[in-house]
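This report describes one protein chain, beginning with a single loop residue and then turning to the overall architecture, the aromatic pairs and the strand pairing. The sequence and the model are shown below.

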Amino acid sequence: MKKQYLLALVLWEIGGLAFAQDFAQYVNPFIGTGAVAHSLSGNNYPGATVPFGMVQLSPDTQEAPDWAQASGYDYNDSNIFGFSHTRLSGTGAADLIDILLLPVQEKRTSSRFSHQKEKAVPGYYQVLLQDDSINAELTATERTGVHRYTYYNKEKSAKVFLDLCHSANKGSWGRQIINSQIRQVSPTAVEVYRVITGWS
């Protein structure tokens, strides 16, 4: 009887080792992010999130995302308008797309990018913003979006464009921003909020 229990325990341990692999290495976050010819987009996004997390940190390739780009990202686009912190994934309706940040050195509200300089794995997203040569990296915790920007042009000032007006298409479903505020609480910290109405 003891030998049977020992054999069962050994087999259980071996089976457990098989499941201890890193299956995340097989995930492609770009699946469903852009329509191909004669097909529909999955309205997914490639950005950083954790299961059941409060934030879905990802690039917005649309100035005002709507039904065709409900998550804010379309693989077929070549510009990034910034990185917002909330979004829906896989839906037929755009919503959230809140609190957008874009690292800049010149006065601009978007930047060109290339998929050759873009990377996404579960929980992490990276892209080179070509217009100002800035590398943007994103990750997330359960309640926080974390950005890291590397400014390669050291001769110009590093700036961050914070856009509280950016949202899904305001002409869709009566969406409108009814209140927002930016407050600088220290030389290195700001507090922001906004209230937006409309469906959903």
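## A loop residue with positive phi

Leu96 is located in the loop between strand S3 (82–84) and strand S4 (100–104). The model is a predicted one. Most residues other than glycine have a negative phi. Leu96, although not a glycine, has a positive phi of about 70°. With a relative accessible area of 31%, Leu96 is partly exposed, since partly exposed residues fall between the limits of 20% for buried and 50% for exposed.

Trp173 also has a positive phi, of about 60°, and is not a glycine. This residue belongs to the loop between S10 and S11. Trp173 returns below as a member of an aromatic pair.

## Overall architecture

The chain contains 1 helix and 12 strands. Read from the N terminus, the order of elements is α-β-β-β-β-β-β-β-β-β-β-β-β, with the helix ahead of the strands.

Of the 200 residues in the chain, 37% are buried. Among contacts with a separation of 6 or more, 55% are made by residues 24 or more positions apart. The chain exposes about 12000 Å², and carbon and sulfur atoms supply 57% of that area.

## Aromatic pairs

How many aromatic pairs does a search of the whole structure find? The search yields 2. In one of them, the ring centres of Phe30 and Tyr75 are 5.8 Å apart and the ring planes meet at 75°, so the pair is edge-to-face; the angle is over the 60 degrees that this class requires. The two residues are 45 residues apart and link distant parts of the chain: Phe30 is in the loop between helix H1 (2–19) and strand S1 (58–60), while Tyr75 is in the loop between S1 and strand S2 (79–80). Phe30 counts as buried because its relative accessibility is 19%, whereas Tyr75 is partly exposed at 34%.

The rings of Trp67 and Trp173 have centres 6.1 Å apart and planes at 55°, so this pair is tilted. Trp67 lies in the loop between S1 and S2 and Trp173 in the loop between strand S10 (159–163) and strand S11 (176–186), so the pair ties together parts of the chain 106 residues apart in sequence.

## The surroundings of Trp67

Trp67 is partly exposed, with a relative accessible area of 39%. Leaving aside residues up to four places away in sequence, Trp67 touches Asn43, Gly92, Ala93, Ser172, Trp173 and Trp199. One of these, Ala93, is 26 residues from Trp67 in sequence, yet their C-alpha atoms are 5.2 Å apart. The side chains of Trp67 and Asp66 are joined by a polar contact of 3.4 Å.

## Ser58 and the charge over Tyr45

Is Ser58, a residue of strand S1, buried or exposed? Ser58 is buried, because its relative accessibility is 0%. Its side chain reaches the backbone nitrogen of Gly47 at 3.1 Å.

Not counting residues up to four places away in sequence, Ser58 touches Tyr45, Pro46, Gly47, Gly82, Phe83, Ser84, Arg87 and Leu138. Two residues named in this list also interact with each other: Arg87 lies over the face of Tyr45, at 5.6 Å from the ring centre.

## Strand S8 and its partners

Why is strand S8 (residues 134–140) described as largely enclosed by the rest of the structure? The reason is that 6 of its 7 residues are buried. Strand S7 (residues 124–129) runs antiparallel to S8, and 6 bridges join the two. Within this pairing, Tyr125 has Leu138 of S8 as its bridge partner. Leu138 is also among the residues that Ser58 touches. The hairpin of S7 and S8 has 4 residues between the strands, and Ser133 takes a positive phi near 55° there.

S8 also pairs with strand S9 (residues 145–151), in the antiparallel sense and over 7 bridges. Glu137 stands opposite Arg148 in S9. The connection from S8 to S9 is a hairpin of 4 residues.

How values were computed. Residues numbered from 1 in each chain as written. Predicted model: local features only at pLDDT ≥ 70, side-chain atom pairs only at ≥ 80, totals over all residues. Heavy atoms only, no water. Buried < 20%, exposed > 50% of the residue type's maximum accessible area, 1.4 Å probe, protein only. Contact = heavy atoms within 4.5 Å. Areas by Shrake-Rupley, 256 points an atom, 1.4 Å probe, with all protein chains shown as cover. Phe/Tyr/Trp six-rings, centres within 6.5 Å; stacked < 30°, edge-to-face > 60°. Lys NZ or Arg CZ within 6 Å of the ring centre and 35° of its normal. Pairing = 2+ DSSP bridges. Polar contact = N/O pair within 3.5 Å; in protein donor to acceptor, adjacent residues only side chain to side chain.
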